[in-house]
Amino acid sequence: DIKSRRYNRSLDILGTDSKLIRDLSAMLSSMSPCTSQTAHNVQIGGRMSARPPPPIHQTAPCRRMHEPLVNLSLPRVASWTAALMVAASLQASPAHAGSNQRLPPLDSDPLRCERAFTGNTIGQANAVSDKILDLRFCSFPGAELKGKVLSGALLLNADLSGAQMQEVVMSKAYAVGTNFKGADLTSSVVDRVDFDGANLTGTKFTNAVITGATFKGANLDGASFEDALIGSEDVRRLCAEPSLTGDSRVQVGCRGSG
């Protein structure tokens, strides 16, 4: 059922660290009044899991509320905290209505937006990197990003209006609601990018390679696809968008006037 799938998904993200879950359950029960010798089931994402880990029977008398938790180390507490944050993000992280993707918590690095000017350099084709390129809500109007690798970038609601993005590589980028108005993506590689709800008004995709991308609800008014290499499924999705009109439809290869 749905709850079971959410629980299994939580375990997947936590690396199926069942010991971590059991330890967390024991910690939570130790902080509760001693009403039972059996630890309570752990809650994930604010809801009781449908298939909780087996209950842990305490072999020592329960710890009262005022007694210190002498066995807790800082790294272990940090692990528990991270586990809770990841599990909760499965429930609470926003996602576009047309996407099943769940996003991690926003990177707390105050300089995270500056990483756009270096990009990713590891696993360009499959968006594999040592750290998530988190550019959500960042502002880059008119920025010079020519040739940057933005594979796997989280660009939710970022402002890239007028940005110079010629020859950028965007594999598996998440650009839902992103503002690309007037941006120049000439000769770029647009591979499996989620442009749902994005502002692509006047965006130049001239001579770009576009494959596996989605454009549901995007504003494509005046976007240029001249000489672009577009996958057949991408053509179908683009032509289904009512904002793709005039010369843009002709460049994409849509049938009919639209």
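A disulfide is assigned here to a pair of cysteine sulfur atoms within 2.5 Å. Applied to this predicted model, the criterion yields two disulfides. When the bonded cysteines of the protein are numbered in sequence order, the pairing reads 1-2, 3-4.

One of these bonds joins Cys-239 and Cys-254, with the sulfur atoms 1.9 Å apart. The torsion about the S-S bond is -95°, and the link of Cys-239 and Cys-254 is left-handed. Cys-239 belongs to helix 4 (residues 232-239), whereas Cys-254 falls in the segment after helix 5 (247-252); the pair therefore ties together parts that are 15 residues apart in sequence. Cys-239 has a relative accessible area of 19% and is buried, and Cys-254, at 13%, is likewise buried.

The other bond links Cys-113 to Cys-138, with a sulfur separation of 1.9 Å. Cys-113 and Cys-138 both lie in the loop between helix 3 (74-92) and strand 3, so this disulfide ties together parts that are 25 residues apart in sequence. Its S-S torsion is about -80°, and the disulfide of Cys-113 and Cys-138 is therefore left-handed. Cys-113 is partly exposed, at a relative accessible area of 23%, while Cys-138 is buried, at 2%.

The model also contains an open sheet of four strands in the order 3-4-5-6, paired in parallel. Strand 3 (169-171) and strand 6 (229-230) occupy the edges; each has a single partner strand, so one side of each is left without a neighbour in the sheet. Strand 4 (residues 189-191) and strand 5 (residues 209-211) pair in the parallel sense over three bridges, and Asp-191 stands opposite Thr-211 of strand 5.

Conventions
Residues numbered from 1 in each chain as written. Predicted model: local features only at pLDDT ≥ 70, side-chain atom pairs only at ≥ 80, totals over all residues. Heavy atoms only, no water. Pairing = 2+ DSSP bridges. Helix = DSSP H or I, 4+ residues; strand = E, 2+ residues; numbered from the N terminus. Buried < 20%, exposed > 50% of the residue type's maximum accessible area, 1.4 Å probe, protein only.
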